[in-house]
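Reader: I would like a close look at a single part of this structure, taken slowly and with its surroundings. Please start from one residue and work outward from there.

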Amino acid sequence: MAKARAIVKRLKAVKNIRKITRTMELIATARFKKAMDRATEAAAYTRKISEIVADLAKSSGEISHPLLVQPASTQNVTLLVLTSNRGLCGGFNAAVLRQATGRYKSLKKQSLDTTVEVCGKRGISFLKFQDIAMDRTYTNFEDKPGFNEVEELADRYIEDYTSGKLDRLDVAYTRFESAGKQTAIIETLLPIGDLAAGDDAGVGSTIDYEFLPSAEDILMEIVPAAFKARLFKCFLDSAVSEQIARMVAMKGATENADEMIGTLSQKYNRARQAQITSELAEVIGGAAALE
């Protein structure tokens, strides 16, 4: 009887865990759909504005923008790492942090002055455990990052780059490619010349632009806007990838709980049958002894 009671106790615990994982799966599914809509809309805008920047950079002749100018040498590098505030999302954080620590070690080997900035409590805890110094940390970016919050970061990076305090900006994040594929990568957003010539930009465009007011005025507006849009897209991609990872992880946990519930139910039934058989045998044995 003691074994059957232990199985019942464990069965209740597994059922309670299943309720939690199922609820988290449904929440992640709802958040994923909203985040994917935002990421998809931002992807189209970012791709188009990157194409325009690439075309303008080629068409504007000698006119340039400070963000389009490559630094003479690279010495000061900022590594921005985007992770989640919460866990239970499978290997989402591990993949990004693996990329980030690899790049950090590579930068240190090159004797570059590296500044590490981290978004998300999971990344902050990991890098603190790895004894990697962090210059800035952010925990305000949840599953729905706001453009105004990202714009503050972008403005500071632009100011540092144009003043010569920053030579390169690397962002470690998970890129959303489709609902079935997300990849942890490191992308260099500054110098912005790489952005203008990136894979999202138009290659070999032959569009002839007529600048009104002037190419310089247009570049002054559109180049920072392109950088901000690209940085914002990194945050959106990271947010939607986190929800997908959590949804998949919770779905797997729920299925495992279902399987465990079935196994425990079988064990309980067998234990109960054995107990009933034992009790019947005792009754029959007692009756036979009285005859």
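Author: Asp-170 is found in strand S4, and in this predicted model Asp-170 is buried, with a relative accessible area of 0%. Because the cut-off for a buried residue is under 20% relative accessible area, the value of 0% places Asp-170 in that class. Not counting residues up to four places away in sequence, Asp-170 touches Val-77, Thr-78, Leu-79 and Leu-80, together with Arg-103, Ile-186, Glu-187 and Thr-188.

One of those partners, Leu-80, leads to the largest nonpolar core, which has 44 residues and in which Leu-80, Phe-227 and Leu-231 are the residues with the most contacts. At least two residues of this core come from each of helix H1 (2–59), strand S1 (76–82), helix H4 (147–163), strand S4 (168–178), strand S5 (181–190) and helix H6 (215–290), and it is H6 that gives the most, with 14 residues. Leu-231, with neighbours within four places in sequence left aside, is in contact with Leu-80, Val-150, Leu-153, Ala-154, Tyr-157, Val-171 and Leu-189. A second, separate core has 14 residues, among them Val-96, Ala-100, Ile-132 and Ala-172.

Another part worth following is helix H3 (residues 121–129), whose buried residues are Gly-123, Ile-124 and Leu-127. Seen down the axis of H3, these buried residues fall within an arc of 100°, so they line one face of the helix. The cover over the buried residues of H3 includes helix H2 (92–109), strand S2 (113–119) and strand S3 (136–138). After H3 comes Asp-131, which has a positive phi, near 60°.

Returning to helix H6, Ile-261 also lies in this helix, and Ile-261 is buried, with a relative accessible area of 14%. Since buried means under 20% relative accessible area, Ile-261 with its 14% is counted as buried. Apart from neighbours within four places in sequence, the contacts of Ile-261 are with Leu-11, Val-14, Lys-15 and Arg-18. By contrast, the C-alpha atoms of Ile-261 and Asp-55 are separated by 60 Å, the two residues being 206 residues apart along the chain.

Definitions and conventions
Residues are numbered from 1 along each chain as its sequence is written. This is a predicted model: local features need pLDDT of at least 70, side-chain atom pairs count only at pLDDT 80 or more; totals for chains, interfaces and linings use all residues. Side-chain values use heavy atoms; hydrogens and water are left out. Buried means under 20% relative accessible area, exposed over 50%, partly exposed in between (1.4 Å probe, protein chains only). Helices (H or I, at least four residues) and strands (E, at least two) are DSSP runs, numbered from the N terminus. The arc is that of the directions from the helix axis to the C-beta atoms. Contact means heavy atoms within 4.5 Å. A nonpolar core is a set of buried Ala, Val, Leu, Ile, Met, Phe, Trp, Tyr and Cys residues joined through side-chain atoms within 4.5 Å.
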